[in-house]
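Student: I should like to take a close look at a single part of this model, namely its open sheet. Could you please guide me through the sheet, and then through the charged pairs found in the model?

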Amino acid sequence: MTYRLTQYAHGGGCACKIPPGELESVVAGLVGATPPVGPGELLVGLDDGDDAAVVRIAGETAVVATADFFTPVLDDPYDWGRVAAANALSDVYAMGGTPVVAVNLLGWPRDVLPMELAARALAGGLDVAREAGCHVAGGHSVDDPEPKYGMAVTGIADPAKLLRNDAGSEGVPLTLTKPLGIGVLNSRHKQTGEVFPEAVAAMTTLNRAASEAALKAGAVCATDVTGFGLLGHLHKLARASGVTARLSAAAVPYLDGARDALAAGYVSGGSKRNLDWVRPHLDPGAAAEDELLLLADAQTSGGLLVAGELPGYPVVGELVPARTDGVTLEVR
């Protein structure tokens, strides 16, 4: 029997995230809490919605900690596992860190789907972690109505060379290291079963090289582009940095077939919620609604968005002085 894993979940990949506005309301009471007395110094926490937590444990060593999991974004369990692992590891790379060890997070409808499929997902995650030089040591599993998989990842970083989303400054270019369009192509895959190899390749590509390039270029500000879309993550970066981001729509790269998928109506609810969330802070210029939906497209295991110019990657905009009207995003 052939199983289409995407049919066993209400959403897929990072498009199944809780909407950003709702999530910020939920965690609002956790921001700014008095830190406990302990062996580490919290350098990056919840305050600005960064990609991972960072704690200094010694002079030149900081621990980077994150967790990420989601429902199937692909029907093939092995490829889904690879994507989920690359996505979880990306949070460490987005902070300028190096993954060291990961533990699996697995939810499985054991009375509905064969456990052999879960084993294939775990094998995919293990292979990508090995590619990253990251140990996988155990994990946790639950019997769940929907299949879910991901990892909790711990890494290390130099606390003096972190990539943060609150460190952007005006006059700095914006670089995007992977093309957009993963969300609409995954939506098409979920509804039709069509496979898009270019999207799979993008999602399973580690952000290690991009992170290393950002650090080498002296960048101090970055985030990865995942479930909140380019506009959502850029809004968070600009807001945290006290600047406005000016995006050149024509410079943003897309995967083959992304515009066709959009035209055919394969837009996730998550992408629409992303656009609704940023709209009060958005100056769209002459950009059409379809263009804005692509810029808000919920990505899974997307690239890094770096405040700085990186050789070999496209510049898609720049950071400019903050506007006084609350607009953090300009599309030109």
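Tutor: Let us begin with one pair of strands. In this predicted model, strand E1 and strand E2, the latter covering residues 53-58, are paired in the antiparallel sense over three bridges. One point at which to look is Val 44, whose bridge partner in E2 is Val 54.

The next pairing leads from E2 to E3. These strands also pair in the antiparallel sense, here over five bridges. The connection between E2 and E3 is a hairpin of two residues. Within this pairing, Arg 56 is found opposite Ala 62 in E3.

Now consider the whole arrangement. The open sheet consists of six strands in the order E1-E2-E3-E6-E4-E5, and their pairing is mixed. At the edges stand strand E1 (41-44) and strand E5 (135-143); each has a single partner strand, so one side of each has no neighbour in the sheet. From one strand to the next, the twist averages 25 degrees.

Further along the order, strand E4 (residues 98-108) and strand E6 (residues 148-157) run antiparallel and are joined by nine bridges. There, Ala 102 has Val 153 of E6 opposite to it. A helix also belongs in this picture: helix H2 (residues 77-94) packs on the sheet and touches strand E3 (61-70), E4 and E6. The direction of H2 makes about 145 degrees with that of E3.

We may now turn to the charged pairs. Side chains of opposite charge can pair when their charged atoms come close. The model has 18 salt bridges, counted with a cut-off of 4 Å between a side-chain nitrogen of Lys or Arg and a carboxyl oxygen of Asp or Glu.

One of them brings us back to the surroundings of the sheet. The side chains of Asp 75 and Arg 4 form a salt bridge, with 2.7 Å from N to O. Asp 75 belongs to the loop between E3 and H2, while Arg 4 belongs to the segment before helix H1 (20-27), so the pair ties together parts 71 residues apart in sequence. Asp 75 has a relative accessible area of 11% and is therefore buried, because buried means under 20%. Arg 4, at 25% relative accessibility, counts as partly exposed.

A second pair is formed by Arg 164 and Asp 166, whose side chains meet in a salt bridge of 2.9 Å, N to O. Arg 164 is partly exposed at 23% relative accessibility, and Asp 166, with a relative accessible area of 24%, is partly exposed as well.

A third salt bridge joins the side chains of Asp 283 and Arg 332, at 2.8 Å from N to O. This pair links distant parts of the chain: Asp 283 lies in strand E10 (residues 282-283) and Arg 332 in the segment after strand E13 (329-331), 49 residues apart. Asp 283 counts as buried at 18% relative accessibility, whereas Arg 332 is partly exposed, with a relative accessible area of 46%.

Finally, Asp 283 and Arg 332 should be viewed in their wider setting. A network of salt bridges links them with Arg 246, Glu 318, Arg 323, Asp 325 and Glu 330.

Technical notes:
Residues are numbered from 1 along each chain as its sequence is written. This is a predicted model: local features need pLDDT of at least 70, side-chain atom pairs count only at pLDDT 80 or more; totals for chains, interfaces and linings use all residues. Side-chain values use heavy atoms; hydrogens and water are left out. Two strands pair if DSSP finds at least two bridges between them. Helices (H or I, at least four residues) and strands (E, at least two) are DSSP runs, numbered from the N terminus. Axes are lines fitted to C-alpha atoms, for helices over the stretch in contact, and angles run from 0 to 180 degrees between N-to-C directions. Contact means heavy atoms within 4.5 Å. Buried means under 20% relative accessible area, exposed over 50%, partly exposed in between (1.4 Å probe, protein chains only).
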